Structure formats: C-alpha cells, structure tokens
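Got the viewer open and a selection tool at hand? Let's walk through this model together, one stop at a time.

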Amino acid sequence: MVDQVITAWGLLLPESTLDQQWFRVLAAFVAVNTLVYVTLSIAKSLPRFYFDDWRRRRYLRAETRSIHPDGPR
C-alpha cells in the first residue's frame, strides 16, 4: 500500500539515493543554475541602465544656440 502511494506521488528514487554525494552535487548544480536563470531574467526585464547618464557632461553648452530660446541646450 505504501509503495503505491509513493509511486502515485511521483517519488521514483529510493531514499538511499537521496543521501549519496553525487545526488547532492547534482542538486546543488540545479539550485545554482536556477538562481542564475532567475537573476538573468529579472535583469533582462528591467530597463537598461547607462553609467553615462549619471555622469556630468562637460560638452553641454552654457546657453542654448537654438532659434527657440526655451529649447534644450
């Protein structure tokens, strides 16, 4: 009866397999891979960030040279 319940829940490996070193290494690899994937997907969904936008630009003019006095510099 217990074997039928375990098989129905989807547990296919015996408990002794879960305690082995290779299975722990595989589980750690899957965990790190998942964290990297989540980090990359979050970073890709955010807007782009440029460091040049935060620095002060030296090439901005002191006053506008446009024919529109309220225009951008």
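Start with the aromatic rings: this predicted model holds one aromatic pair. Select tryptophan 22 and phenylalanine 23 to see the two partners, which meet edge-to-face. Their ring centres lie 5.8 Å from each other, with 85° between the planes. Is phenylalanine 23 buried or exposed? Neither label fits: with a relative accessible area of 22%, Phe23 counts as partly exposed, because buried would require a value under 20%.

Keep both rings on screen and add threonine 17. Once neighbours within four places in sequence are set aside, Thr17 is in contact with Trp22 and Phe23, so you now have both members of the aromatic pair and a residue that touches them, where contact means heavy atoms within 4.5 Å. Threonine 17 sits in helix α2, which covers residues 15–18. Its relative accessibility is 11%, so Thr17 counts as buried. Such residues are a small share here: 1% of the chain's 73 residues are buried.

Next, turn to the surface and select Trp22 again, this time together with Leu26, Phe29 and Val30. These four make up a nonpolar surface patch, with a combined accessible area of about 430 Å². Click on Val30 and you are in helix α3, residues 21–45. Valine 30 is partly exposed, its relative accessible area being 44%. That value allows it to join a patch, because patch residues need over 30%.

Now zoom out to the whole chain. Which elements do you pass as you follow the sequence? The order is α-α-α, with three helices and zero strands in the chain. Switch on a surface display, too: the accessible surface is about 7900 Å², and carbon and sulfur atoms account for 62% of that area.

For the last stop, colour the chain by pLDDT. The mean is 80, and 73% of the residues reach 70 or more. Where is confidence lowest, and where is it highest? Helix α1 (residues 2–9) has the lowest mean, 58, while α3 has the highest, at 96. Where pLDDT is low, predicted coordinates should not be read in detail.

Terms used: Residues are numbered from 1 along each chain as its sequence is written. This is a predicted model: local features need pLDDT of at least 70, side-chain atom pairs count only at pLDDT 80 or more; totals for chains, interfaces and linings use all residues. Side-chain values use heavy atoms; hydrogens and water are left out. Patches are made of residues with over 30% relative accessible area and no salt bridge: like charges are joined within 9 Å, nonpolar side chains (Val, Leu, Ile, Met, Phe, Trp, Tyr) within 5 Å. Accessible areas come from the Shrake-Rupley method with a 1.4 Å probe; for residues, only the protein chains shown count as cover. A salt bridge is a side-chain nitrogen of Lys or Arg within 4 Å of a carboxyl oxygen of Asp or Glu. Helices (H or I, at least four residues) and strands (E, at least two) are DSSP runs, numbered from the N terminus. Buried means under 20% relative accessible area, exposed over 50%, partly exposed in between (1.4 Å probe, protein chains only). Rings of Phe, Tyr and Trp (its six-membered ring) pair if their centres lie within 6.5 Å; planes under 30 degrees apart count as stacked, over 60 as edge-to-face and the rest as tilted. pLDDT is the predictor's confidence in each residue, from 0 to 100.
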